[in-house]
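Open the structure in your viewer and keep the sequence panel beside it. Each stop below gives something to select and says what is there.

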Amino acid sequence: MAFSKKVVAICSSPRSGMGGDKSLTERLLKLFLQGLSPKECRIFYPHKMDIAYCRGCLACWFETPGECYHRDDMTKIYKKIKEAELIILASPLYVDGFSAQLKTVLDRCIAMVDPLIVIDEQGHCRHKIMLPPGKKAMLIAVCGFSELDNFTQMRGHFTAICRNFSWQEAGKILVPASALGFIPDLYSRKFAAVKKAGEEYATKGSISSGVLQQISEEIMEPSEYREVVNPFFEKLRRRADY
Ligand SMILES: Cc1cc2nc3c(=O)[nH]c(=O)nc-3n(C[C@H](O)[C@H](O)[C@H](O)COP(=O)(O)O)c2cc1C
């Protein structure tokens, strides 16, 4: 069954959008979308776009409300975020957080909130949201180390962002040990589960805990991962020596 709602995805690995399978983040995003089969979906690759850093000038709040000082490719992303009902943030774990490309997009989203402070149901300060309500956000992320707990800060950050933008969390697809994703067949079960997650989300509006478990499970102990990955890295390093 096709997902009838509008989807926008920010695919923020700088190795994505080039064709081929270089980026695991992109591979997972595409598998999820295959399962979801949305009627309308736009994928943005911010590293391939002209997107400046936020200057912190707050012109978007006080001088030209809702409009950023920069007139660049973010205008395309603003438009699609405004229309979308599901926003997918896809990122590799970089230095324990989002990629700089995704963070830059999120910083620039400050132009979509109102400076006036409101108090939410938890008694917490928030900015007033100017976007239509009812948006959901999903996180798709990969990391190089083998333990799932490497995503701890990113999970917390994602939850905080969802609260601040009044997006409802739709799920977190987190895959550790990314080097194994490039060994043929080893991650085929995980890849099938990511596609299944898309199918489940399209039909039920949520992803079952069993599927999330298959996606995120640590399939190797850290020491075993080291034994598998280090020879591969050493080979790559030797190749670079020539
Ligand atoms: C700049 C940089 C920082 C990274 N930081 C971390 C990290 O903090 N923890 C981790 O587990 N992996 C880290 N990694 C590994 C990436 O998350 C991993 O290689 C991932 O597969 C990259 O995603 P991609 O295949 O979509 O490009 C880092 C990689 C780079 C290039």
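The tour goes from helices to salt bridges, then to a lone charge, surface patches and two single residues.

This is a predicted model, in which local features need pLDDT of at least 70 and side-chain atom pairs count only at pLDDT 80 or more, while totals for chains, interfaces and linings use all residues. Residues are numbered from 1 along each chain as its sequence is written, and side-chain values use heavy atoms, with hydrogens and water left out.

**Stop 1: helices H3 and H4**

Select residues 74-83, which make up helix H3. Helices (H or I, at least four residues) and strands (E, at least two) are DSSP runs, numbered from the N terminus. Which residues of H3 are buried? They are Met 74, Ile 77, Tyr 78, Lys 80 and Ile 81. Buried means under 20% relative accessible area, exposed over 50%, and partly exposed in between (1.4 Å probe, protein chains only). Accessible areas come from the Shrake-Rupley method with a 1.4 Å probe, and for residues only the protein chains shown count as cover.

Now add the cover of those buried residues, which includes strand E1 (3-11), strand E2 (38-44), strand E3 (86-92) and helix H4 (100-108). Within H4, the residues Leu 102, Thr 104, Val 105, Leu 106 and Arg 108 are buried. Their cover includes E1, H3, E3 and helix H5 (152-165).

**Stop 2: salt bridges**

A salt bridge is a side-chain nitrogen of Lys or Arg within 4 Å of a carboxyl oxygen of Asp or Glu. By this rule the model has 14 salt bridges.

Select Glu 26 and Lys 30, whose side chains form a salt bridge with N and O 3.2 Å apart. The two are separated by about one helical turn because they are four residues apart in helix H1 (residues 24-36). An α-helix has 3.6 residues a turn, so residues three or four places apart point the same way. Glu 26 is buried at 6% relative accessibility, whereas Lys 30 is partly exposed at 38%.

Go next to Glu 200 and Lys 204, another salt bridge, with the closest N and O atoms 3.9 Å apart. Both residues lie in helix H6, four residues apart, or about one turn of the helix. Glu 200 has 6% relative accessibility and so counts as buried; Lys 204, at 55%, is exposed.

Asp 73 and Lys 76 are a further pair, bridged at 3.4 Å from N to O. Asp 73 is buried, with a relative accessible area of 18%, and Lys 76 is partly exposed, with 41%. To see a network of salt bridges, select Glu 40, Lys 79, Lys 80 and Glu 83 together.

**Stop 3: Lys 190**

Lys 190 is in helix H6 (residues 188-204). How far away is the nearest side chain of opposite charge? That side chain belongs to Glu 217, 5.4 Å away, and Lys 190 is buried without a salt bridge. Lys and Arg count as positive and Asp and Glu as negative; His and the chain ends are not counted. Leaving aside neighbours within four places in sequence, Lys 190 is in contact (heavy atoms within 4.5 Å) with Val 175, Gln 214, Ile 215, Ser 216, Glu 217 and Ile 219.

**Stop 4: surface patches**

Patches are made of residues with over 30% relative accessible area and no salt bridge, with like charges joined within 9 Å and nonpolar side chains (Val, Leu, Ile, Met, Phe, Trp, Tyr) within 5 Å. The place of a charge is taken as NZ of Lys, CZ of Arg, CG of Asp or CD of Glu.

Select Asp 149, Glu 218, Glu 221 and Glu 224 for a patch of negative charge. Glu 221 is in the loop between helix H7 (209-216) and helix H8 (222-241) and is exposed, at 56% relative accessibility.

For a nonpolar patch, select Ile 183, Leu 186, Ile 219 and Val 228, which together have about 270 Å² of accessible area. Val 228 is in helix H8 and is partly exposed, at 32% relative accessibility.

**Stop 5: Pro 222 and Gly 35**

Pro 222 is in helix H8 and is partly exposed, at 35% relative accessibility. Not counting residues up to four places away in sequence, Pro 222 touches Ser 146 and Glu 147.

Finish at Gly 35 in helix H1, which is buried at 6% relative accessible area. With residues up to four places away in sequence left out, Gly 35 touches Lys 195, Gly 198 and Glu 199.
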